[in-house]
Amino acid sequence: MFDIYRKVPKDLTQPTYTGAIISVCCCLFILFLFLSELTGFIATEIVNELYVDDPDKESGGKIEVNLNISLPNLHCELVGLDIQDEMGRHEVGHIDNSMKVPLNNGDGCRFEGHFSINKVPGNFHVSTHSATAQPQNPDMTHIIHKLSFGDKLQVSPPSRPSCSLASHDYILKIVPTVYEDMSGKQRYSYQYTVANKEYVAYSHTGRIIPAIWFRYDLSPITVKYTERRQPLYRFITSICAIIGGTFTVAGILDSCIFTASEAWKKIQLGKMQ
């Protein structure tokens, strides 16, 4: 009869204490590896890739920006947002989708704005340029609570103690980012790196005109993050390999120990005789 799994009669087998110990260790080891594989199978893996392209072609060449910044020593009527870029846009005192909240009994201001920028190099800056009357020595000390580009990306450049009359330059390198979840839905956002510097800027009349500049440029490289889960067939293959491999190695180990033990017994019997 063709049977590759031939059976050995039970009365021809011999249980040993060593075999029992190896069997228990083997089962515990299999259980540990099984739980590890199961955890990896349930968990979601995030794979990233780089490519050169504009991922969000339906945006009309625009990037949504969210800015939340506090200036504790500048009145709200003096605070304004200006936007410039290489396409010729030059907007002073942008007010759409923006809000100013007085701080410190009106001595300070918290500016919150939601606006769009073109996908070309440019800058936007918080300043007093749109004020009706320019203040003497405006204090641009600030705290950036939020600066994000696109969907659900909140990374703020660090705000450091500085000279109150200094201008602050934040140089941003914006990297387009795509996040694709398990269902295939894609979200478009933008990561960025930042470097900052401080300097004192003067107008042509010699007055100090500080501002908080965000100068940005876009990277041609897009980063894509994709959620993936280990396929079921790979999980089953890993489990079979764990069980088969562990039992095979344990069997070889038990056989070696048993053979060595029997040989040692024969040697001892030979000495006694």
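What span should the 26 residues of helix α1 have at 1.5 Å a residue, and how far apart are its end C-alpha atoms? In this predicted model, helix α1 covers residues 17-42 and should span 38 Å. Its end C-alpha atoms are 38 Å apart, which agrees with the expectation. The buried residues of α1 are Gly19, Ile22, Cys26, Ile30 and Phe41. Phe41 also offers a link to a remote part of the sequence: its C-alpha lies 7.9 Å from that of Leu232, although 191 residues separate Phe41 and Leu232 along the chain. Leu232 belongs to helix α2, which comprises residues 232-272. Whereas Phe41 is among the buried residues of α1, Leu232 has a relative accessible area of 51% and is therefore exposed, the cut-off being over 50%.

Attention turns next to strand β3 and its partners. Five of the six residues of β3 are buried, so this strand is largely enclosed by the rest of the structure. β3 runs antiparallel to strand β7 (residues 122-127), and six bridges join the two. Within this pairing, Ile83 stands opposite Phe124 of β7. β3 also pairs with β4, again in the antiparallel sense, over two bridges, and here Gln84 faces His90 of β4. Together β3 and β4 form a hairpin, with four residues between the strands. Gly88 sits in the turn and has a positive phi of about 100°. As a general point, side chains in a regular strand alternate between the two faces of the sheet.

The loop between β3 (80-85) and β4 (90-91) also holds Arg89, and its surroundings repay a closer look. The side chain of Arg89 makes a polar contact of 3.1 Å with the side chain of Glu91. A polar atom of the Arg89 side chain also lies 2.8 Å from the backbone oxygen of Ser116. Leaving aside residues up to four places away in sequence, Arg89 touches Ile83, Gln84, His94, Ser116, Ile117 and Asn118. Two of these names are already familiar from the strand pairings: Ile83, which stands opposite Phe124, and Gln84, which stands opposite His90.

How many salt bridges does a search of the whole structure find? The search finds five, and three of them are described here, beginning with Arg110 and Glu112, whose closest N and O atoms are 3.6 Å apart. Arg110 is partly exposed, with a relative accessible area of 27%. Glu112 likewise counts as partly exposed, at 25% relative accessibility.

Another salt bridge joins Asp169 to Arg215, with the closest N and O atoms 2.9 Å apart. Asp169 lies in strand β9 (residues 167-180) and Arg215 in strand β11 (residues 212-218), so the pair ties together parts that are 46 residues apart in sequence. What sets the two partners apart is their accessibility: at 4%, Asp169 counts as buried because the limit is under 20%, whereas Arg215, with a relative accessible area of 30%, is partly exposed.

Lys173 and Asp217 form a further salt bridge, and their closest N and O atoms are 3.6 Å apart. This pair also links distant parts of the chain, with Lys173 in strand β9 and Asp217 in strand β11, 44 residues apart. Lys173 is partly exposed at a relative accessible area of 35%, and Asp217 counts as partly exposed at 31%.

Notes
Residues numbered from 1 in each chain as written. Predicted model: local features only at pLDDT ≥ 70, side-chain atom pairs only at ≥ 80, totals over all residues. Heavy atoms only, no water. Expected span 1.5 Å × (residues − 1). Buried < 20%, exposed > 50% of the residue type's maximum accessible area, 1.4 Å probe, protein only. Polar contact = N/O pair within 3.5 Å; in protein donor to acceptor, adjacent residues only side chain to side chain. Contact = heavy atoms within 4.5 Å. Pairing = 2+ DSSP bridges. Salt bridge = Lys/Arg side-chain N within 4 Å of Asp/Glu carboxyl O.
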